[in-house]
Amino acid sequence: MIRIMYFAKYREWMQMPEENLDFSPANVGELKRLVRDRHPNALKVFSDSRCIVAINQHVVHGDDALLKPGDEVAFYPPVTGG
């Protein structure tokens, strides 16, 4: 199982804070394809060039980042502090 979490405006766009997949896609690219097939709004999230992806709270770059059962994948926009 993979836990997928959406933060900030992505949560609004997806109309949910998180979801689970009962199986583990091979990598982030495959995960994105599966989510897009299930949720039309995901295209908006994944089209955002500033989208940050983290696996188990570690930022990864590129769709070839590998996934394994039990991973937590988060999608969030850049954040700023003040």
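Reader: Which side chain does the side chain of Asp71 meet in a polar contact of 2.8 Å?
Author: The model is predicted; local features need pLDDT of at least 70, side-chain atom pairs count only at pLDDT 80 or more, and totals for chains, interfaces and linings use all residues. Residues are numbered from 1 along each chain as its sequence is written, and side-chain values use heavy atoms, without hydrogens and water. A polar contact is a pair of N or O atoms within 3.5 Å; within protein, one must be able to donate a hydrogen and the other to accept it, and residues adjacent in sequence count only if both atoms are side-chain atoms. The partner of Asp71 here is Asn56.

Reader: Is Asp71 buried or exposed?
Author: Buried means under 20% relative accessible area, exposed over 50%, partly exposed in between (1.4 Å probe, protein chains only). Asp71 has 3% relative accessibility, so Asp71 counts as buried.

Reader: Which residue has its backbone nitrogen 2.8 Å from a polar atom of the Asp71 side chain?
Author: Asp71 also has a polar contact with the side chain of Asn56. The backbone nitrogen in question belongs to Lys68.

Reader: With which side chain does His39 share a polar contact?
Author: His39 is buried, at a relative accessible area of 19%. Leaving aside neighbours within four places in sequence, its contacts (heavy atoms within 4.5 Å) include Met14 and Met16. The polar contact, at 3.0 Å, is with Glu19.
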